[in-house]
Amino acid sequence: MDQILIARSTFGMTMGFHIIFASLGVGLPLMILIAELLYQRTKDADYSLMAKRWTKGQAILLGIAIPSGTISGVQLSLLWPGFMEVVGKVISLPFQIEIFAFFLEALFLSIYVYAAHRLSPQMRIVSVLLVLIGATASAVLITNVHAFEGTPTGFHLVNGEVVDVDPWKAFFNPSFFVTAGHVVVSAYMTGAFVIASIAAYKMLKVNKTSREYAFHQKALLVGLVIGGTFSLLTGINGHDSAQHLHQYQPEKLAAAEGLFETQTHAPLVIGGITDEATQQVKYGLEIPWLLSVLAGNTPNEMVVGLNDFPRDEWPPLFVHTLFNFMVLVGGALIFVGFIGFAWKKWLKHSHYPRWVLWIFVLSGPLSMLGIEAGWIFACTGRQPWILYRVMKTADATTQSQGLGALFLLFLGIYLFMAIATILVFRYYFRRHPISLEGEA
């Protein structure tokens, strides 16, 4: 197996595992904060109980996110020494600031978990808000390194040496704001839909007249409203991201849409399979002019095709499928959020039918799959570059042997951590059902 492929597979597996906990670690604090605000406003004890239970979940997830995040940091140095040499000299600032963001999150999460009942209402809100700020800042700072990979600035590479370093210019690289915005709103969306998914599943299992059903119905509505709102914001930010690709990484946009020839009035192709031999997207639905409109807000916009670039610099053509799946999931989640809110508030129905609840159950896994597809697209679509047009992935990869064994080792570690997480969740929440905690 190719050395580069094994290295990418190992790190991709690590990030695919870590991003589950990282995304929920950013999204859940927002849900906890909203539950706390609703409790302080309405004095409905169910919202206080939601905040308490979701905080326990946040603590469990953080316990897995910390080691998996640490592993990813170690693997960066282990697998990509050439890349980390540049990172250490140019873009180490986000890593350093992230330590303080993590301390902020961990400190106030500990205060809220162990001393919420001793705090004033205002300090309860402040504590959760600081947890949210810390978690969000951590996500923004770490993913800024990914943004830097797509638009590396703030240095020059001369004869293999890093010179003219400007760390703040590297920090605020052209991709910083659009990447940070997309990561944050998609994480908030995912956290909300995971809550909605769990609540809907619980509603399918209990009697409609029970207190537990009423509790989960409140949690479901909060999750759907917040999830639907942030899925719409994710879509808006996604449009900005596409225009950013058009400007800074045109071959990535071309691969995402299966566009081979540079043209104005470029069509947008939904679905289908990119066929390099015929230079077409087979079986796709083509919408005339729409890609040009999305890229430059006018059908006259010139969109660069793959044939304008050397063949060895094309991204893998399967990113078209990843891109389509990500967009499809985003559109579906906007619809799910709208249906959930409209059914309850506009149609005035007191209960959701079982088939609708099953749709809500699917929203959590779908949002997470959308996150995974988005990250795979973002990283794979940049290939063959690890630093766009500065350093190729092949030039940054370790020459050490035995990476296959390393892949299997980390696969075993992640399976163990996943099983442990499931068992801890089952153990805690089975021993602390809503009926008992509500009486406490």
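The paragraphs below lead from the overall form of the chain to its cores and then to a few individual elements and residues.

The structure is a predicted model, and its chain holds 15 helices and eight strands. A compact globule of 440 residues would be expected to have a radius of gyration near 22 Å, and because the chain has 23 Å, the value agrees with that expectation. Taken along the principal axes, the C-alpha atoms fill a box of roughly 70 × 45 × 40 Å. Among contacts in the chain with a separation of 6 or more, 78% join residues that stand 24 or more positions apart.

Burial and surface can be taken together. Of the 440 residues in the chain, 51% are buried, while the area that the chain exposes comes to about 20,500 Å², with carbon and sulfur atoms supplying 68% of it. As for charge, the chain carries 28 positive and 27 negative side chains, and the centres of these two sets lie 19 Å apart.

The interior is best approached through its nonpolar cores. The largest of them has 93 residues, and those with the most contacts inside it are Phe 83, Leu 220, Tyr 352 and Phe 360. Helix α7, which spans residues 176–205, gives the most to this core, contributing 17 residues. The surroundings of Phe 360 show how parts of the sequence meet here: leaving aside neighbours within four places in sequence, Phe 360 is in contact with Ala 196, Ser 197 and Ala 200, with Leu 220 and Leu 224, and also with Val 336, Gly 340 and Tyr 352. A second core, separate from the largest one, has 21 residues, including Leu 268, Phe 309, Leu 322 and Phe 323.

Helix α9, residues 250–257, is mostly covered, since eight of its eight residues are buried. The buried residues of α9 include charged ones, namely Glu 251, Lys 252 and Glu 257, alongside Pro 250, Leu 253, Ala 254, Ala 255 and Ala 256. After α9 comes Gly 258, which has a positive phi, near 65 degrees.

Asp 275 belongs to strand β4, residues 273–275. Its relative accessible area is 17%, and because buried means under 20%, Asp 275 counts as buried. Not counting residues up to four places away in sequence, Asp 275 touches Phe 260, Gln 280 and Lys 282.

Phe 102, in helix α4 (residues 93–115), falls on the other side of that cut-off: at 23% relative accessibility, Phe 102 counts as partly exposed, because this class lies between the 20% and 50% limits. Setting aside residues up to four places away in sequence, Phe 102 touches Leu 62, Ile 66 and Ser 138. Phe 102 can also be placed relative to Ala 135, for the two are 33 residues apart in sequence, whereas their C-alpha atoms are 6.8 Å apart in space.

The last residue to consider is Thr 380, which lies in helix α12, residues 354–380. Thr 380 has a relative accessible area of 8% and is therefore buried. Residues up to four places away in sequence are again not counted, and on that basis Thr 380 touches Arg 8 as well as Pro 315, Pro 316, Phe 318 and Val 319.

Conventions: Residues are numbered from 1 along each chain as its sequence is written. This is a predicted model: local features need pLDDT of at least 70, side-chain atom pairs count only at pLDDT 80 or more; totals for chains, interfaces and linings use all residues. Side-chain values use heavy atoms; hydrogens and water are left out. Helices (H or I, at least four residues) and strands (E, at least two) are DSSP runs, numbered from the N terminus. The radius of gyration is taken over C-alpha atoms; the globule rule is 2.2 Å times the number of residues to the power 0.38. Buried means under 20% relative accessible area, exposed over 50%, partly exposed in between (1.4 Å probe, protein chains only). Contact means heavy atoms within 4.5 Å. Accessible areas come from the Shrake-Rupley method with a 1.4 Å probe; for residues, only the protein chains shown count as cover. The place of a charge is taken as NZ of Lys, CZ of Arg, CG of Asp or CD of Glu. A nonpolar core is a set of buried Ala, Val, Leu, Ile, Met, Phe, Trp, Tyr and Cys residues joined through side-chain atoms within 4.5 Å.
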